[in-house]
Amino acid sequence: MSHTPKRNPALRPPFSSTTASTSSITGIDTVAPSVSQDMDERAALIDEERAGDSYGAVPSLKQGATPGRRQSTLVKRVKYYIPSTAWIPTYSFSLFAGDFLAGITVASMLIPQSVSYATSLAKLSPVTGLFSASIPGIVYAFLGTSRQLNVAPEAALSLLLGQAVSDILHDYDDRRHGPLDNLGLRVGLISFLLGFFRLGFIDVVLGRSLLRGFITAVAVVIMIEQLIPMFGLSELLHVLDPETTFEKAAFLFRYALSRMNPVTTIISFSSLFALVALRYIRNRFKGIWWIYRIPEVLVVVVVSTMLSAKFQWDKDGVDILGAVDVHTGGSFFEFPLKHSNFKFLRRTTSTAVVIAVVGFLDSIVAAKQNAARFGYSISPNRELVALGAANLAGSFIPGTLPAYGSITRSRINGDIGGRTQMASLVCSGIVLLATFFLLPWLYYLPKCVLAAIIGLIVWSLLAETPHDVLYYWRMGAWVDLAIMSLTFFLSIIWNIEVGVVVGLVVSLLLVVHRSSKTRMTILGRIPGTDRWKPIKENPEAEESVTGALIIRIRENLDFANTAQLKERLRRLELYGIDRLHPSEEPRRQQASVLVFHLADVESCDASAAQIFFELLEEYKNRGVGHYMAHVRPQLQRTFEKAGIVDLLGTDAFRENVADAIAIVEGIRQRDSLFSQ
């Protein structure tokens, strides 16, 4: 009997998602969209990889291609770049029940959340949050590759935007034409261009530790920000005007008990307790579908609004939402670039970059989780383009918040039964209906309840932090812990933007530092054979030819990793494979012959070839012999163009290491005979 080894839960990687069954909780058919859609996507992906062109470029067809073949290729390209043209014609109405139910459920959470983010975090009108939760989601549903991703305002990004804009509005009186009018445009444009130029790999370059440090810092900042309205201290806050997070924390310690509004405080913490209790009950009874689908946020909003209207809480000093104008400016749609907001371009561009990068990182984590869970593939570059287009469309409504994917809402979308982008269309449609027809019903909604809703979000943001810290600690990932801590403390001490920017810079520097070290090793002969193996990995391998240094380069050569090739080669020549400080005395004699094993090198760019030429020329002037073994044809052509073949001569290029060493030994035997 075989036994499956149990995994240590403490060592579960951060941000991992448990693979769930595709069976719906309601018993609704949850078969993934048709196989033809997946086949079309795979075929288009293969065609694109062969083409190698920039995003959106359709490679020219070979001469003699039939019109049918040309039309088939065009259809594949359209389906690849506009995914909705693939899934809409093949959409099965057996999936609609699950998509519709998922859309309604997510919308019931999203409506009060969006109002909370807009009013409490971004300091804007509630209607801007609702438009941000609908318009971008519709655009993404047609262009995005993730079937469950819910695109809407996020707490962290709303806070980041609110802090940046608040700093500017201190020196600016006219709030009707502020920096938000073009910030959404720049956020969307940055995301779009990142995808257009195929920079979707940034989610691999920037580590999860940075994102966790950012999320943890945001959670702490939001908690402090929202405790102020929960205690009814908003008016006093405007009078004293503390700026930093530390000042606001000190403000709370000083005035929370002495100057709080008792009615507001009771309502706030009662709402928070109700939210936590309802969420606990819902998660405890996941097997009972009607309990699991209870929208606890919507329930608390409806009940608190009804109680506020009945007992006239606003007369007791409780701040309520009041009347909300659906129009956001002089007209519903406005071109975001105007002369009145040009002056803010420089001051808010860094914020736009940070929002675009962090928003994409959060979105791609959510998209990959759902893709792995439901068995389909996504394209990071097309995700960037879709998210960029969604925010570009939203920017034409003045004051709209940036919208990106949510891990929590996307997971719930899949849990309830969402299997295609139709769930996002349903969700956005319901949010739009609520924007135009339901806002008057929220007139008596206490704003402290919105703060309590965000308090629940804070709990979700902080829930994974202890696990991630423990994981990095157990793994001995001190660099990840350092990046996470640096991002967190700078975000708290200085501000969110500074913390993220410094974390991004440090992460990129670490990536550059690691990529600049060419992976290479010393080879030795296996006794009694003509096989050559790394001496570090094979203790029996030995360097049998005195003065001959055999180096195997184990990766492609580019300008980044070749810049330090000379220094790395010198250390191997003088110290071997031992990790010694450069101040130590050399342990080896300088090499008289260098043999490069290049079987792992498939390509070498122009800068790397130039650096390699200069290195070989320097060794040649020193009287060191050179041989190149296992050189691929493409690399050989590069060396010919760079002048390396002319420098060393064609005899220096051998089929294998044994051939090169045989020549070296033959030359030495001949020289030995002549010397006698």
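**View A. K248 is a buried lysine, with a relative accessibility of 13%.** The model shown here and in the other views is predicted. The cut-off for burial is under 20% relative accessible area, so K248 at 13% falls on the buried side. K248 pairs with E225 in a salt bridge. Their closest N and O atoms lie 2.8 Å apart. The bridge joins distant parts of the chain, from E225 in helix 10 (residues 208-230) to K248 in helix 12 (residues 245-255). The two partners are 23 residues apart. E225 also counts as buried, because its relative accessibility is 11%.

**View B. A salt bridge connects E296 to R282.** The closest N and O atoms of this pair are 3.0 Å apart. E296 sits in helix 15 (residues 296-311), and R282 sits in helix 13 (residues 262-284). Again the pair links distant parts of the chain, here 14 residues apart. How accessible is E296? Its relative accessibility is 1%, so E296 is buried. R282 has 7% and is buried as well. R279 joins in too: R279, R282 and E296 form a network of salt bridges.

**View C. E618 and K566 make a salt bridge between partly exposed residues.** The closest N and O atoms are 2.9 Å apart. The bridge spans distant parts of the chain: E618 belongs to helix 26 (residues 606-621) and K566 to helix 25 (residues 565-575). The separation along the chain is 52 residues. E618 has a relative accessibility of 41%. K566 has a relative accessible area of 44%. Partly exposed covers the range between the buried limit of 20% and the exposed limit of 50%, which is why E618 at 41% gets that label. How many salt bridges does the structure hold? The count comes to 17.

**View D. Helix 6 (residues 135-143) turns buried residues towards its neighbours.** Which residues of helix 6 are buried? They are I135, P136, G137, Y140 and A141. In an α-helix, residues three or four places apart point the same way, because a turn takes 3.6 residues. The buried residues of helix 6 pack against several elements. Among them are helix 3 (84-87), helix 5 (126-132) and strand 1 (151-152). Helix 17 (380-394) and helix 19 (422-437) are also packing partners.

**View E. T400 is a buried loop residue.** The loop that holds T400 lies between helix 17 and strand 2 (404-405). T400 counts as buried because its relative accessibility is 6%. What does the side chain of T400 reach? It reaches the backbone oxygen of I397 at 2.4 Å. A polar atom of the T400 side chain also lies 2.9 Å from the backbone oxygen of G394. Leaving aside residues up to four places away in sequence, T400 touches T128, F131, S132 and G394.

**View F. A nonpolar patch of about 650 Å² lies on the surface.** Six names make up the patch: Y280, I281, F285, I288, W289 and W290. Helix 13 and helix 14 (289-292) each give two or more residues to the patch. Y280 has its place in helix 13. R282 of View B lies in helix 13 too.

**View G. I88 and T420 bring remote parts of the sequence together, with C-alpha atoms 9.4 Å apart.** Along the chain, I88 and T420 are 332 residues apart. I88 sits in the loop between helix 3 and helix 4 (96-121). Its relative accessibility is 40%, so I88 counts as partly exposed.

**View H. C427 and C604 are buried cysteines in a structure with 0 disulfides.** C427 is buried because its relative accessibility is 2%. C604 is buried at 9%.

**View I. The whole chain has 676 residues, and 50% of them are buried.** Its secondary structure comprises 29 helices and 8 strands. Among contacts with a separation of 6 or more, 80% join residues 24 or more positions apart. The chain exposes about 32,500 Å². Carbon and sulfur atoms supply 61% of that area.

Notes. Residues are numbered from 1 along each chain as its sequence is written. This is a predicted model: local features need pLDDT of at least 70, side-chain atom pairs count only at pLDDT 80 or more; totals for chains, interfaces and linings use all residues. Side-chain values use heavy atoms; hydrogens and water are left out. A disulfide is a pair of cysteine sulfur atoms within 2.5 Å. Buried means under 20% relative accessible area, exposed over 50%, partly exposed in between (1.4 Å probe, protein chains only). A salt bridge is a side-chain nitrogen of Lys or Arg within 4 Å of a carboxyl oxygen of Asp or Glu. Helices (H or I, at least four residues) and strands (E, at least two) are DSSP runs, numbered from the N terminus. Contact means heavy atoms within 4.5 Å. A polar contact is a pair of N or O atoms within 3.5 Å; within protein, one must be able to donate a hydrogen and the other to accept it, and residues adjacent in sequence count only if both atoms are side-chain atoms. Patches are made of residues with over 30% relative accessible area and no salt bridge: like charges are joined within 9 Å, nonpolar side chains (Val, Leu, Ile, Met, Phe, Trp, Tyr) within 5 Å. Accessible areas come from the Shrake-Rupley method with a 1.4 Å probe; for residues, only the protein chains shown count as cover.
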